[in-house]
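Okay, thanks for squeezing me in. I'll put the model up and then walk through a few bits of it.

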Amino acid sequence: MTSVSNIAGAWRALCHDPVGVLWPAAAMLSLQAVGALALQRILHSGRLDALLTVFLATSLIRILLGAPLRARMLKAGARSMGLDTNDRWIALLGVHLIVGPLQLGLATGSVILGTGIAAGIAAHGLPTLATLAWFLGWLGGTLAALVIRAIFAYAPLEVLLRGCSAIQALRRSAIRGPVDTLAAALLVGFGDLAVLLGALTCGAGALPGYPISDLALLDRWRRGRTS
C-alpha cells in the first residue's frame, strides 16, 4: 500500500507543477526516441557494422544530457513536496556514468548468453527449446537491468537532496535494505509500464508516465526522512 501512496504523491507533485516536471521529462524522452530512431535506421539500411558505434554514441549523449535534465525534473518535483535541492548535476552525471554501463553490461551479457545457448540448441534441431532459451535470456537481461536500477534508485536523490558525491550516493542507496529495494523495483517497474502503455495507446501518453517513478521515489524518500 505504501507504493500506491507514493504513486499518489508523485501524481500530486506532477499536477502541482506540470510544466516544471514535464518539460525536462519530454526532453529526456525525446533523447531516447531519437536514439531508437537512429538504431532503427541503421538496421533498415543493413549497415550492421555501424550499429555498435551508433548505439554507444546515442547512449553517451543520453547520459550526458540526461543528468542536468533529470536534476531539473527532480528539483521541480522536490519543490512541489516542500523539499530543497542543490544543483549538483555533475555528481548526478557520475551516478549515471556508473549505473548506466553496469545495467547495460549485465543486461547485454544475459541476452548474449541466452542467444548463444539458443543457437547451440537450435543446431541440435530443437527450435522450440531454442526459442525458450532466447526468451529467457532477454527476460534475464530485463530483470538484471531492473535490479540494478532498484538498488541504486535513491542515488540521484542522495546527490540532489543530501549533497552526497556520486560514490557516497550509490553506497547509501545500496545499503537501504531489501524492503526499500523491493519498493524501488515496484515503483521503477510501474513507471516503465506507464510509459509503455502510454506509448501504445497514444504516443503523447508516454510523457506523463515518464517522471512518475522518480517522483514516487522522491515521495518515498521524503516520507522516510520525516518518519
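Let me start with a definition: rings of Phe, Tyr and Trp (its six-membered ring) pair if their centres lie within 6.5 Å, with planes under 30 degrees apart called stacked, over 60 edge-to-face and the rest tilted. By that rule there is one aromatic pair here.

Before going on, the housekeeping. This is a predicted model, where local features need pLDDT of at least 70 and side-chain atom pairs count only at pLDDT 80 or more, while totals for chains, interfaces and linings use all residues. Numbering runs from 1 along each chain as its sequence is written, and side-chain values use heavy atoms, with hydrogens and water left out.

Staying with rings for a second: the charged end of Arg-176 sits over the ring of Tyr-154, 4.0 Å from its centre. "Over" here means NZ of Lys or CZ of Arg within 6 Å of the ring centre and within 35 degrees of the ring normal.

Now the helices, which are DSSP runs of H or I, at least four residues, numbered from the N terminus. Helix 2 covers residues 18–45, so 28 residues, and at 1.5 Å a residue it should span 40 Å; the end C-alpha atoms are 39 Å apart, which agrees. That expected span is 1.5 Å times one less than the number of residues. Right after helix 2 comes Gly-46, with a positive phi near 80°.

Which residues of helix 2 are buried? Buried is under 20% relative accessible area, exposed is over 50%, and partly exposed is in between, using a 1.4 Å probe and protein chains only. The buried ones include Val-21, Leu-22, Met-28, Leu-39 and Ile-42. Leu-37, also in helix 2, is partly exposed, at 40% relative accessible area. Its C-alpha is 36 Å from that of His-124, 87 residues away along the chain.

Moving on, Ala-50 is in the loop between helix 2 and helix 3 (51–80), and it counts as buried at 15% relative accessibility. Within helix 3 we have Leu-69, which counts as buried at 15% relative accessibility. Leu-69 and Ala-27 are 42 residues apart in sequence, yet 7.4 Å apart C-alpha to C-alpha.

How do helix 4 and helix 5 cross? The axes of helix 4 (residues 89–122) and helix 5 (residues 127–151) come within 7 Å and cross at roughly 170°. Axes are lines fitted to C-alpha atoms, for helices over the stretch in contact, with angles from 0 to 180 degrees between N-to-C directions. Helix 4 and helix 5 are therefore roughly antiparallel, a label for angles over 145 degrees.

Over in helix 7 (residues 166–174) there's Ser-173, buried at a relative accessible area of 1%. The C-alpha atoms of Ser-173 and Phe-152 are 5.2 Å apart, with their positions 21 residues apart along the chain.

Last stop, helix 8 (residues 178–201): its 24 residues reach 34 Å from first C-alpha to last, close to the 34 Å expected. Buried residues in helix 8 include Asp-180, Leu-187, Val-188 and Val-195. Happy to go back to any of these.

Note on methods: Helix = DSSP H or I, 4+ residues; strand = E, 2+ residues; numbered from the N terminus. Parallel < 35°, antiparallel > 145°, perpendicular 65-115°, else oblique.
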